[in-house]
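Q: I am new to this structure and would like to see how its terms are justified. Could we go through them one at a time?

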Amino acid sequence: MEKQNIPDAVPFKFGKKLKTWLGIAAAVGLIALLWGVFIAQLPASRIWANLWLNALMFLFLGLGALFFWTVNTLGESTWQINIQRIMESMGLTIPFAILFFVIAFPGLKHLFEWTHTEHLDEILQKKTAYLNMPFWLIRFVSYFALWTFFAFYLRKISVKNDFEPRDNFLKKLRSTSGWFIVIFAITSSTSAWDWLMSIDGHWFSTLYGWYIFSGMFVASISVIILISVAFKRFNIMPNINSEHLHDLGKYLFGFSIFWAYLWISQYLLIWYGNIPEETIYYVERVDNFNTLFYVNMTVNFLFPFLALMTRGAKRQPLYLSVIAIVVLIGHYIDLYLAIMPGAVGHEQAAIGLLEIGLPFFYLAAFLLLFLVFFEKAKPVPENHPYFIESSDYENI
Amino acid sequence: MRAIVYGYFTDELDLLNAVKELQNKGIRIADVRTPFPVHGLDAALKLRRSHLPKVAFVGGLIGGTLGLFFQVWVFTKGWPLNFGGKPFLSLPSFIPVTFELTVLIAAFSMGIAFLLRSNLGPGSIPDILDEEVTDDHFQIILSEKNNNLSETELVEALAATGALDVKHVNAEK
Amino acid sequence: MMHVSPVREPLINGEKSYKDITKDVVAPVRAKPGKLWFVGLGISAIVMLIGFAMIGYTIWFGIGTWGVNRTIGWGWSITNFVWWVGIGHAGTFISAILLLFRQKWRTSINRAAEAMTIFAVMCAGLFPLIHMGRLPLGFFILPYPNTRELWVNFNSPLLWDVFAITTYLLVSLLFWYMGLIPDLGTIRDRMKTLWKKKVYNFLSFGWKGSARHWQRHESMSLILAGLAAPLVLSVHTIVSFDFATSVIPGWHTTIFPPYFVSGAIFSGFAMVLTLMIVTRRALNLKEYITVGHVESMNKIIIATGSIVGIAYITELFMAWYSGVEYERYAFMNRALGPYAWAYWIMMTCNVISPQLLWFKKLRRNLAFTFVLSIFINIGMWFERFVIVVTSLHRDYLPSSWAMYKPTWVEVAIYMGTFGLFFTLFFIFIRVFPVIALAEVKSVARSSARKFLGKPIKKQSSEKQ
């Protein structure tokens, strides 16, 4: 195949109509929040926990995409080059997550028991060397500093290649990706401990970080799918063909199974060992969040597993995007289950207007930032050495 | 007695062109034999997608279901035993064996289906026309059976595509 | 034909046409084996027989001939079992997961790696059987209808293991053999004597290379890969359950499943490298198993090795973070107790030494890779030793603390499995094609130097 046979991507223009829609979505989220705070006067912990949950979800979409891009770069894979700019731009939203986290900072004492040191219990006292505010903040800042640096630096390398292609481009991209993966491997786990596991302060599980990572990865794949389908549909990137969707579908399928594998590994070992210190985590969820507990498994594993099994399912844009939406909601529920039982407690936690409405604000913010960044560069990295390969392949 | 006409190419791209050429002339191709799966040949020959994945799916479904139900039966009806205070019907415990049986039966049902469907198996004697097909010959086989052309016409048509060493034999079937 | 970026390194060096590929790969099967082969086979067979004799000795006199005791009931035997199962993970990983990820370089090494998988799993399977003390007891692990109407314990991870290992062995065998069929057909057609032709025709199931067969074959391979990929994960996951479902500090930890899988692939690739670096020289397959292939495998080594390293550190951190006295002690004891030497061998070989592979020069250096792969093999053996022995040797009751030392019987049995493994491997390389012929040919057009028209560069020729 020659380069000219690949349909040209149209430089994206962030139109007014789209902005209006995003504005409406954001307004819905804000109204839900204001309603929750002033009209319904929901318990403080529930509000703070929701802000925390959405900040995490916002971050995960970008971080997962950045991981996806870098790991594909390291694997010398090519299929993703056509949609690489989507992943790049998603990665650039990472630093803005700081804002959303910081908004929730005043409520940290509602979320994390270990923050108010005056009445630390015996078990938490043993952990103060790790779980203390200054160190926690240092970690918070360093995670974001590192991730942001890599997101922007990798983007810079990639965009620079559009204008002045260099021979060492791939080498540089790869070595930087390598560094990022090393840092990500550590920070993805530790951040999950810091921001999620320590909500249930007494509880511990070695697998937890990897489990959270797998959920994040699946969630961001579903967003990549949704954006790809939309860009294809609205002719912004006609270069996306059904092979790319097929591959994205495979990732969604495969990593949904991987997520379920980690879920069951953690659950089964704790269930089998039957040590009260560990089982408490699941007892709380099975007893008091019974419906969601099973919905989580169904929506995040059974549904994509059955729905994406056939070849046709992965190649049909509309069908694929419906599955992606369901899985995305599923991983929101997964995070909900990770946060709420510990931070809010079953007496006060519920799914109401706040839980349903608030994500729209964050989604709109995410899309707004994404589109702003996407607009800034060419929609496809044409000078990437593997670019033609990326349009010229077939799934068996 | 029906005649079979065959010839070969040493490059798979020539083969693909020849296949298209023959099809444009309305000649039906009895078989193409190659040393490795040639990319694009399935489409050129308009082969239907294989049903083997479905066999695997059904096999896996049967394996998994039987595996799970057997375990459930053993622990609720067959001989319920108390292991470490766990409930008799402890589903998480049954997942590993269920999974393994799903994979086992799915894989083997598909493997066996493949052999049966392709008429391959221990003791199967193939009708090899050219031993180099497993080396570097890409062979096209035409048959009088499904074409209205005579033997000589088929030989000419095949030779016209650039096939080397076009031969014909009279096959029994 | 699909476009291939000019920056990619060719996977087949030299001016190899399809005919050359056939000739080179079939050569070891057609040629009379050399002296070295007979010497190798002879030594392996003798070691294997010594091992078998020691198995007989164990069964005759009982497990008392081993160094295991009441505190440390699982000594070398289970260590070796887990180690061998781990070695058996590379083959199916290469042929299944790398197939799904469309990594073309796998075609040159998958056949041999899969054979290794099967042999390694056979070696592994021996240990639990011997450990039962009486071989007929192995019969009782199968759920068969019997007069006592008693079934096996489906609640036990040890039983899950039976199913996992058996399934893994059978499915790997199926996957391997289905891939072999076309190549055995090739060998059949290259044989001159009639009886050999007949034998290979029997083995090749009458393969004739029909397009329709290829289409089904490809479709089957893809689905088999899809089935085998989670199977690879499940096998070592279930092996890890043997430990992790218990409540013993150092065993009971949730990270075990993925970390065992990663460790298994890590050690499996190390073994593949150890063997292939030798095989490619001995069988003259340097053009097919290139330095580029070694580099790719080294990349997998560094990825899986680092995952294992992170898991070690996570475990260590969580032991502290949990605040549980016993957890903390178990890990202190690992790192500083009487078996600390084993722990630090493990750490050095598995976590620190693979980090050298971040340097491209070392990744592409065969001598270095060979030495490193042996280090990793040793390190991964010690990982299992550390997990099995150090977690057990100081249990909750200090009066039952004990130490463990293997007897010569255990050592000989372990060596015997090496004998078994290499005997099978030596036979394999003379009877079956070591490289997946058809698969290599199918990527030749896009990845062989001849078809790409690339001159051989000076620096890419290897140094040995």
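Q: How many residues of chain C are in contact with chain A, and how many of chain A take part?

A: This is a predicted model, in which local features need pLDDT of at least 70 and side-chain atom pairs count only at pLDDT 80 or more, while totals for chains, interfaces and linings use all residues. Residues are numbered from 1 along each chain as its sequence is written, chains are lettered from A and ligands numbered from 1 in the order in which they are written, and side-chain values use heavy atoms, with hydrogens and water left out. Taking contact to mean heavy atoms within 4.5 Å, 45 residues of chain C are in contact with 50 residues of chain A.

Q: What area do chain C and chain A bury between them?

A: Buried area is the accessible area (1.4 Å probe) that two parts lose on being put together, summed over both. On that basis chain C and chain A bury about 4100 Å², with 67% of it on carbon and sulfur atoms. For chain C and chain B the buried area is about 5600 Å², and carbon and sulfur atoms give 67% of it. Phe154(C), Asn155(C) and Arg216(C) supply 12% of the area that chain C buries against chain B, more than any other three residues.

Q: What makes Glu76(A) and Lys299(C) a salt bridge?

A: A salt bridge is a side-chain nitrogen of Lys or Arg within 4 Å of a carboxyl oxygen of Asp or Glu. The side chains of Glu76(A) and Lys299(C) meet at 3.2 Å, N to O, so the pair satisfies that rule. Across the interface of chain C and chain A the rule finds four salt bridges, and across the interface of chain C and chain B it finds eight.

Q: Why does the pair Glu132(B) and Arg190(C) count as a salt bridge too?

A: Their N to O distance is 3.7 Å, and the pair therefore falls within the cut-off of 4 Å.

Q: Which helix gives the largest share of the side of chain C that touches chain B?

A: Helices (H or I, at least four residues) and strands (E, at least two) are DSSP runs, numbered from the N terminus. Two or more residues of that side come from each of α1 (18–30), α6, α7 (194–203), α8 and α16 (437–447) of chain C. The largest share, 17 residues, comes from α8(C).

Q: Why is Glu295(C) called buried or exposed, and what of its partner?

A: Buried means under 20% relative accessible area, exposed over 50%, and partly exposed in between (1.4 Å probe, protein chains only). Glu295(C), at 6% relative accessibility, therefore counts as buried, whereas Lys360(C), at 48%, counts as partly exposed. Glu295(C) and Lys360(C) form a salt bridge, the closest N and O atoms being 3.9 Å apart. This pair links distant parts of the chain, with Glu295(C) in helix α10 of chain C and Lys360(C) in helix α13 of chain C, 65 residues apart.

Q: What makes the salt bridge of Glu9(C) and Arg364(C) a tie between parts of chain C?

A: The side chains of Glu9(C) and Arg364(C) meet at 2.9 Å, N to O. Glu9(C) lies in the segment before α1 of chain C and Arg364(C) in the loop between α13 (360–363) and α14 (366–393), so the pair ties together parts that are 355 residues apart in sequence. Glu9(C), at 38% relative accessibility, counts as partly exposed, and so does Arg364(C), at 24%.
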